[in-house]
Amino acid sequence: MQCYSRRQIVKHMGLAAGCLLLSPLSGCSTNDRPIDSADNTASDKEQFDWLEATGTYTPSDAFKQKGLWFTFGNDYADGRESVAKDTSITAIFEFYGDGTVTCWNVYDETGSSVIRFRDLEGLSDKEVLSMAKEHWPISQDEFESKKQNVIDELSSSYEDLKAEAADNPDLNVENAYFSRFFEDLKSMSLPKEPEGKSYSLEVQTDDTGNNTEYEKVCLPTCGYPGVLSLSGGGAAAWGRKELWYSLLRADDDTKYESISNSYLSCYVNREVNLIESDTSDDVYSSTYQGFGGIVTRTGGSASFVLDEPTSDEVEAD
């Protein structure tokens, strides 16, 4: 399974709308489920009271509890950054307690966060979700405008490719997948809000194979499809040509579907590395604990450790 960090997503796409990338969600199940985040009615499971939690929790235990988690910083396990009142939140994850999660990205196109931990003070989970929904950085009008720009530029580059094919019989520009991609692109739509989808946990073992060296969670995030990055010059122009040559090499429906998902899907797996921690950070009257770059509000008495490679809840190498 392949996942991507937030930094890789932003770098690759030049956008920070969340799941803008380009790889089908291979390996991680992405079963759709109806949600109603603002009313917390997505799951019949009761909200977990982290404020009263006193035990030790692994990621597989913690994420099975219904509640909100927050990512911040660079999401990496090379040292835990502290949560402070002015620390920027990059995304809010709503875990439903049934193996699914919804990601609410709260940063804009430039990668700048619009919510800080200070903004959560005094808010209930329901109120936090309402705020996240207000800041979800995807505009339907902008999406349609970007889509039309890409259609126009892909059409132009396709005409260039046909001219090139006149001198190169190996370029089969009448490939049926070309027209199929255009049709799929034209019918591509953007969810009005992200859907709940499955997440997965992966464990990398040490040299003995018996101990966890590090663990990561792959979280499905939603945003602009990768094809929308193919408008403009420079790298975008190269990307359009790469797309056409990928379609030229597609000789069956399976390969086409892989390409189509890579460019037209609104979902991508975001990788967050996890670290053990029994420390806590206070922001006003709230306390935050968790696994490094992803935390939840607690009463300050819980501890967080990584899963063992023998756990049935994780994929181990």
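Leaving aside its neighbours within four places in sequence, which residues is Val-227 in contact with? Select Val-227 in this predicted model and display what surrounds it. The contacts are Val-150, Leu-154, Phe-181, Leu-185, Met-188, Tyr-263 and Leu-264.

**The nonpolar cores**

Keep Val-227 on screen and add Phe-70, Phe-117 and Phe-181. These four residues touch the most other members of the largest nonpolar core, which has 51 residues. Next, colour the elements that give two or more residues to this core: strand 2, strand 3, helix 3 (125–135), helix 4 (140–165), helix 5 (176–186), helix 6 (235–248) and helix 7 (253–264). Helix 4 provides the largest share, seven residues. Another core, of 24 residues, lies apart from it; to find this one, select Ala-91, Val-101, Leu-201 and Val-217, which are among its members.

**Strand 3 and strand 12**

Move to Thr-90, in strand 3 (residues 88–95). Is Thr-90 buried or exposed? Its relative accessibility is 4%, so Thr-90 counts as buried, the limit being under 20%. Show side chains here: those of Thr-90 and Thr-71 are joined by a polar contact of 2.7 Å.

Now select Val-295, which is in strand 12 (residues 294–298). Val-295 is buried too, because its relative accessibility is 0%. Add Trp-69 and draw a distance between the two C-alpha atoms: Val-295 and Trp-69 are 226 residues apart along the chain, yet the separation is 5.4 Å.

**Salt bridges**

The whole structure contains 15 salt bridges. Opposite charges on side chains can pair when the charged atoms come close. Three of these pairs are visited below.

Begin with Arg-116 and Asp-86, whose side chains form a salt bridge at 3.0 Å, N to O. This pair links distant parts of the chain, 30 residues apart: Arg-116 is in strand 5 (residues 115–116), and Asp-86 is in the loop between strand 2 (67–72) and strand 3. Arg-116 has a relative accessible area of 35%, so it is partly exposed. Asp-86, at 39%, is partly exposed as well. Add Arg-118 to the selection, and a network of salt bridges linking Asp-86, Arg-116 and Arg-118 comes into view.

Select Glu-202 and Lys-216 next; their side chains meet in a salt bridge of 3.5 Å, N to O. Glu-202 belongs to strand 7 (residues 200–205) and Lys-216 to strand 8 (residues 212–222), and the pair links distant parts of the chain, 14 residues apart. Both Glu-202 and Lys-216 are buried.

For the last pair, go to Lys-255 and Asp-251, where the salt bridge is 3.1 Å, N to O. Lys-255 is partly exposed, with a relative accessible area of 40%. Why is Asp-251 classed as exposed? Its relative accessible area is 56%, and the class of exposed residues begins over 50%.

**The loop at Thr-58**

Finish at Thr-58, in the loop between strand 1 (56–57) and helix 2 (59–62). Thr-58 counts as buried because its relative accessibility is 14%. The side chain of Thr-58 makes a polar contact of 3.0 Å with the side chain of Ser-60. Which residues does Thr-58 contact once its neighbours within four places in sequence are left aside? Select Phe-291, Val-305, Leu-306 and Asp-307 to display them.

Notes: Residues numbered from 1 in each chain as written. Predicted model: local features only at pLDDT ≥ 70, side-chain atom pairs only at ≥ 80, totals over all residues. Heavy atoms only, no water. Helix = DSSP H or I, 4+ residues; strand = E, 2+ residues; numbered from the N terminus. Buried < 20%, exposed > 50% of the residue type's maximum accessible area, 1.4 Å probe, protein only. Polar contact = N/O pair within 3.5 Å; in protein donor to acceptor, adjacent residues only side chain to side chain. Salt bridge = Lys/Arg side-chain N within 4 Å of Asp/Glu carboxyl O. Core = buried A, V, L, I, M, F, W, Y, C linked by side-chain atoms within 4.5 Å. Contact = heavy atoms within 4.5 Å.
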